[in-house]
Amino acid sequence: MKRYRMGVIGAGNMGMAIAAGAVRAGLCPADGVLLFNRTPEKRAARAAQGFAVTDDYTGLYAACDTVLLAVKPQNFDEVLGALRAVRTQPKPVVISIAAGVPFARIEAALGADCPIIRVMPNTPLVLGKGASALVRNGAATEEQLAAVRNLFDQMGVTAVFEQEDMLNEIIPYNGSAPAYVYAFADAMVQSATAHGVPADDALRLFCQTCIGACALLLQSGKSAETLTREVCSPGGTTIEAVNVLKSRDFAGILAEASDKCIARAYELGR
Ligand SMILES: NC(=O)c1ccc[n+]([C@@H]2O[C@H](COP(=O)([O-])OP(=O)(O)OC[C@H]3O[C@@H](n4cnc5c(N)ncnc54)[C@H](OP(=O)(O)O)[C@@H]3O)[C@@H](O)[C@H]2O)c1
């Protein structure tokens, strides 16, 4: 079998977004990416896009320099169980994006000498606007980490952490955060329609406000507190809204949601 730069086991939403991002950024040609899919229809569709395809992920593991594991955490044991039997040297660099699955579980199957980079990405990565957190295991070198970071930098921003646990602790703030934002947008649009604002106008104006307000927060050098004060003139309209958010413990609700989210990541890892 020829050698491939990258292989993807779990070529679903995230797996395909990362494979397509690598090709778009010119890091490898489409036929240098080998995708595993279980169904012939999906394999045919991916092959039509120029990717190499296979129905054998143990062969993929042996044939690729880098292997992306992008199956759901619930399917990890099955995949790792099959990869355990593959003898290949040198071992590929393994990237795992599964929420909560720790190095120890992957190393137990692939060996502690297998370089592994765990990444917590998020779905805006499909537009090249992702936010990904990375951590390496003991066998992965700084160079291997830098190469994987470069891959995810092509699809948004990245942060590297030393401690593996940080990949669980970060989930509410990047991996799961899009769902918080959509819940916020939905609630704002519902409120707007109750006041007679057409839903599509409310959504467009609110989303652009989120984009603009976040850009201001990142680029102005001012804190969220200062920027909030600048919108809240005394006796004005915004302070009325902010007072309700405070009295209903908006921050406490978000903290509780994030605690649950993180606890579930640890649970999935056990
Ligand atoms: N979605 C997010 O927001 C997000 C954020 C951060 C991290 N993640 C992580 O990304 C990973 C993938 O999520 P996703 O949303 O991309 O899921 P997805 O679209 O459902 O993709 C999962 C893929 O895994 C394949 N698969 C399932 N069982 C398999 C098995 N037993 N053997 C081999 N392949 C199997 C499926 O193959 P078929 O196509 O053949 O069914 C599918 O292509 C998860 O581990 C998740 O924790 C997701």
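L245, F250 and L254 come together as a nonpolar patch on the surface of this predicted model. Their combined accessible area is about 240 Å². Below is a quick tour of that patch, then some backbone oddities and one helix that checks out nicely.

**Around the patch**
- L245 sits in helix α11, which covers residues 238–247.
- With a relative accessibility of 41%, L245 falls between the 20% and 50% cut-offs, so it counts as partly exposed.
- D249 lies in the loop that links α11 to α12, the latter running over 250–269.
- At 44% relative accessibility, D249 is classed as partly exposed too.

**Backbone oddities**
- As a rule, most residues other than glycine have a negative phi, and most peptide bonds are trans.
- D249 isn't a glycine, yet its phi is positive, at about 55°.
- The peptide bond between Q89 and P90 is cis, with omega at about -10°.
- P90 belongs to the loop between α4 (76–83) and β5 (93–96).
- G221 also has a positive phi, about 80°, and turns up just after α9.

**Helix α9, by the numbers**
- Helix α9 takes in residues 199–219, which makes 21 residues.
- How far apart should its ends be at 1.5 Å a residue? The expected span is 30 Å, because the rise is multiplied by one less than the number of residues.
- In the model, the end C-alpha atoms of α9 are 30 Å apart, so the span agrees with what's expected.

Key. Residues are numbered from 1 along each chain as its sequence is written. This is a predicted model: local features need pLDDT of at least 70, side-chain atom pairs count only at pLDDT 80 or more; totals for chains, interfaces and linings use all residues. Side-chain values use heavy atoms; hydrogens and water are left out. Helices (H or I, at least four residues) and strands (E, at least two) are DSSP runs, numbered from the N terminus. Patches are made of residues with over 30% relative accessible area and no salt bridge: like charges are joined within 9 Å, nonpolar side chains (Val, Leu, Ile, Met, Phe, Trp, Tyr) within 5 Å. Accessible areas come from the Shrake-Rupley method with a 1.4 Å probe; for residues, only the protein chains shown count as cover. A salt bridge is a side-chain nitrogen of Lys or Arg within 4 Å of a carboxyl oxygen of Asp or Glu. Buried means under 20% relative accessible area, exposed over 50%, partly exposed in between (1.4 Å probe, protein chains only).
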